[in-house]
Structures are given as C-alpha cells and as structure tokens.
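Student: I've got this one open and want a quick walk through it. Can we go part by part?

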Amino acid sequence: MCGYKCIRCELCYFMETWESTYNPSGWGPPADFVCKEFEGLPFTEVTKSEKLGKFFDIFAAPTSVAGTGKRYRKEPTNAPKEDDMGFTVMESKATIKAKKKVVTGFSRKQPTTQQGYCSRSFRSTMYRYPATLKSKYHYPPVYVPRVVREASITLNKEWELVTEFTKQVMEKVNFPAGEGTEIAKIGTIGHYDVKYDRINTRHPVPLKVDEKIGIYNWVSTIENSFVEIIRENKDLNVFASDAVVATLMTVQSSVYPWDISVEKREGKIILDCDENRVLTYTTISENATLAPDEKDHGINGAKKLSWEATMSNHYFGQQALLSDANYVLGPEPKFKLPANKVRPRKGYIYKAWDMGSGMKLCVRCQVDSYVKEEKSAEAEEEKKTKKEASEKKEISLVNLRAANEFYETKRQMTWKQALENNRSLVTSEISINDSTKLTKWTIEALLAGVENIRIAYLARRKINDNRKHNIIEIARYTTKELKNLINLNYEVSWGILKMIIQALHDQEDGSYYLVKDPNKLIIRLYKKIKLPAEELE
C-alpha cells in the first residue's frame, strides 16, 4: 500500500492479492483459468472486426485542457445530472460534415503552355469574360488570342518625334467648350419619313440599293466651300471635319490604329485624313471581345464588314427621306462626284468654337434630314394668369445611322430573335461592342446641334450575302438621351482635343502627322522633315 487514499490504492491492493498463472501453450491465461474476483460479472464477447475505444491511462500525470487551465480529474461544469447518471454513451466519435465543393468556370483544368499559352502573366489578357455577362453566374472563360496590330501608316525614318500624349495625361484634361456659333450652311436635306419608325421584326423593310446616287464617303477638309470660309473669316486658325474631331475625341475607346495629316501654313492649322483610311469607313464590333478578324479577307472580315457598314449607312440615309419634301440650308456643296452620279441630299453646317490662347476652331458638321414637330409652348409671363398654349411648328434636325449585325460563330441569339423577346439585349450589345462608333455618332450630333438620332438595325437576308439587308427595327433617341445612355463625358473629350490643338499651335509651320499607336493608348506627333518621293512627284 502506498499510504494515500486515492484511486491507485485500490489497484495496488488488487495487484497484491491477484495470483498469476503460467500458460505453457501460448500467450495469456490458460483456457480453464477462472478468476474468483470476476466470477459472476456479466461478460460480452468482442470480435476482432469490432473497433475498441481508447484506453484511459490512469497512471499518466494529470494534464490540463488546452486554453482552460483545468485538469481532467476536476469535475466539469457541465456534469450530468442525477437522472442521467445511468445513461452511457456507446460511441463518442465526432462526425465531420463534408464540405460542399463549388464548381465554377475556373475549377476546370487549365491548358498547359504546350496548348497555346504564352505565360501566366498574359493569362488575364487571353482569358476574358464576355462583357454582357455578370460575374455572379460563373460562366466559363472565353479564349481570346492576343492581337498585335500594325500602324496605319509606314513611318519614315527621317520623321522627327515631337511629342506624345499618353493615357494618364488624357484622363486629367477638361474643357467646357459650349455649343459654338454658326458661320455658314450649305446643301439641301430631305424630310424624314416617319413611317419608318413603325418598322418591326414581323414587318421588315428591305434596304434599297440605289447606285445612281453618289456617296460622299471621303470629303477632304480643304474643299471649295471651306476655302471660301477661310478667306472670309481671318480670325479662324484651326479647321477640321466632324469625322476628324470625333476621332480625336474618342481616342480613349478606339481600338484600330489611325493617322491624321496636319498642315500648318502662316499660323493656319488644317486637320485632314487621307482617302481609304480607317477614318473614312464605319467599323463593326470594334470593341467586342471576339472582334472581326483583320486578316480575314472574306465577307465576315474586318475590312469587308467596314465596307458593308459604310454603304448601308449611305443607302439608309437616302431611302428614309420623303421624295417631295426638301429643306434648303444654303448653296449646293462643290464636292467632287463620279460621272453619271446624282448628288445626294446632304447638308453641312460650319460652326466655330473659341478654344482660348488665340485658338479658334472651325468644324464642318454633317446633317442628314429634318422633321417638323408640333410642340405646345406657353409664354413665361402668362403661365400664372392665363393657361393658354400656343401651337407652333419647329424644324428639328435628324441624323440617320445604321447598325449592322455581326454574325459570330458562337452567337446564341440573332438580333431578330432578341428584338422579339427583349429589345434591351440589342441595345446593350451595341453600346458595348460598338461603343466607339456610338460615341462618334453622338459627338457628331452634338457638334452639329442635331436634336434627334435614328439608328436602323440591319440584318442580312442571307448570311452569306453582304449586299442585301432588311431593316428590322428603328431605334429613336434624342441626342441628350443617347449621351446619357453611353455615359459620355463631353468635357473630357473637348479637353483631349484642346490639348492636341495646343501642341500643334506651339509648333512651327510645316507638315505633321498624328499617329495612334496600334497596340497602346498613345498618340504620337511626328514632323515630316523630308517628304517621300511619291508625294514630291
């Protein structure tokens, strides 16, 4: 005996009184051995397949529970009550719940570098989600190869780099330009046929191709009417067309490279573009994730689609006019047209803006049509006393544009099906995939002071024929509504234009080129020190 009243004393007494037996045939006590102390106690056989619990080592030193400082032998606070003392837990093993595995698009096995990957750093540019889808739906990633474009013009080694405008600089500029003042008007515009607003997918209208009407695809800034305005208004020193100004204002969202030629003579700056350039054509799906292939020379390539969109805009702008209603803005323009071609009904408004620092900009703005709207207006003095409305007819200018459907291979729904179910799908697709083109149309309307814009949704009659189209619906917008829809920051666009004109104003007389980097958001200004041999001839 150890002399202490504890649990071990009973065990010591049992070990002193217990007699061991020898088993010569194997391990453990013999088969006929019977212990008198355990005689009469209940016994349950245990097979080898059953799992036994852990043995409690009573001889081990008392340890404390982690984080509590309490010992095992101390009675816990949650000790069972007297009614539950007879209850015994047969299995105290805790059950662990399996975690639910969330399967998303990123949980799929990613291809290795041997399957077309460059490196992990370029993975964010090669795998992109479609812009119209939200991240909460966990769509699988779309493989988009990295496109390396070339400059729109071959740079001569003898050209001198004057300056460059980066993305960080463009985001900080701002200039409130205002509406501008009208200087002159030329051309004749037709009345817009309101019946086209009733076109829907069930009753489409075919787009008529009238090859007799000439097309003003490219009109140089230095045309006869502009030269006359330059002579009459000597205060103006910067001249450009609305297409050139809109291109400079939308440089933040443009993808394709472009170039603008600049001539400065006797302090006069003339911004112009050469023929058959990107500026002279209307693009399709320029900002789309899966943009048209620029190396494809088929009808679904980038070049053929631009030609298709340009011709569609021209034909729709002449088809949607009434034949017997015209509005004369001024004398006919003296633009050059091919032989045996009828002059199209187009109007042009010349407007001027004061840019500050002695810079005055003159822009030639294009106008397509007009409508007569009956509006009720109340005199401000008679609003409180007399509530009488006076009806008057006003002429509001309208620009006509056409948006062509791009037939992707992985498209789930055509425009016709989307317009029948939910029209907002087509509107959101155009505002995302053609954001640059839509911004240009809005800026051109704001420059000219046009109040309304009509956008025709065109679809091919046959997928493999890019010459025959149907007008499936007409979208009607006011210029302010479209400006708010695309979230256009008009003052920042004017700030970019003023920054570029200021850089040209500080240079000496000579020939320059504004070139947009084909793969980065950078505009570089080059000075032509020596002209190429072709231009000298």
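**Walking through the model**

Tutor: Sure. Among contacts between residues at least 6 apart in sequence, 72% join residues at least 24 apart. Keep in mind that this is a predicted model.

Student: OK, how many helices and strands are there in the protein?

Tutor: The secondary structure comes to twelve helices and 17 strands.

Student: And what share of the residues is buried?

Tutor: Of the 537 residues in the protein, 38% are buried. As for the surface, the protein exposes about 35300 Å², and carbon and sulfur atoms supply 51% of that.

Student: Since it's a prediction, what's the mean pLDDT?

Tutor: The mean is 77, with 69% of the residues reaching 70 or more. Over residues 100–139 the pLDDT is below 50, though this stretch still has 39 contacts in the model beyond near neighbours in sequence. Residues 532–537 also stay under 50, and there the model has three contacts beyond four places in sequence.

Student: Switching topic: which residues touch the most other members of the largest nonpolar core?

Tutor: Those are L271, I455, Y457, W494 and L514, in a core of 71 residues. Helix α11, residues 490–505, gives the most to this core, with ten residues.

Student: Is there a general reason why nonpolar side chains end up buried together?

Tutor: In soluble globular proteins, nonpolar side chains tend to be buried together.

Student: What does W494 touch, leaving out residues up to four places away?

Tutor: W494 touches F175, A177, M249, W353, M355, L361 and L447. There's also a second, separate core of 17 residues, which includes Y192, L207, Y315 and I474.

Student: M249 rings a bell. Which residues of α5 are buried?

Tutor: M249 is one of them, along with D242, V244, V245, A246, T247 and L248. Seven of the eight residues of helix α5 (residues 242–249) are buried, so this helix is largely enclosed by the rest of the structure.

Student: Now cysteines. How many disulfides does a search of the whole structure find?

Tutor: Zero. Take C362: the nearest cysteine sulfur belongs to C365 and is 8.5 Å away, so the pair misses the 2.5 Å cut-off for a disulfide.

Student: Is C362 buried or exposed?

Tutor: Buried, with a relative accessible area of 0%. C273 is buried too, at 8%.

Student: Where is S261 found?

Tutor: S261 is in strand β7, residues 259–265. At 14% relative accessibility, S261 counts as buried, because the cut-off is under 20%.

Student: And what is S261 in contact with, beyond its neighbours within four places in sequence?

Tutor: One run is I270, L271, D272, C273 and D274, and S261 is also in contact with Y512 and Y513. You've met L271 already, among the residues that touch the most other members of the largest nonpolar core.

Student: Last one, R345. Where is its place?

Tutor: R345 is in the loop between β9 (321–328) and β10 (347–356). From C-alpha to C-alpha, R345 and G187 are 7.2 Å apart in space, while in sequence they are 158 residues apart.

Student: What does R345 touch, not counting residues up to four places away?

Tutor: T188, G190, Q318, L321, L322, S323, A325, N326 and D368. With L322, a polar atom of the R345 side chain lies 2.8 Å from the backbone oxygen of L322.

Student: Great, that gives me plenty to look at.

Definitions and conventions. Residues numbered from 1 in each chain as written. Predicted model: local features only at pLDDT ≥ 70, side-chain atom pairs only at ≥ 80, totals over all residues. Heavy atoms only, no water. Buried < 20%, exposed > 50% of the residue type's maximum accessible area, 1.4 Å probe, protein only. Helix = DSSP H or I, 4+ residues; strand = E, 2+ residues; numbered from the N terminus. Contact = heavy atoms within 4.5 Å. Core = buried A, V, L, I, M, F, W, Y, C linked by side-chain atoms within 4.5 Å. pLDDT = per-residue confidence, 0-100. Polar contact = N/O pair within 3.5 Å; in protein donor to acceptor, adjacent residues only side chain to side chain. Areas by Shrake-Rupley, 256 points an atom, 1.4 Å probe, with all protein chains shown as cover.
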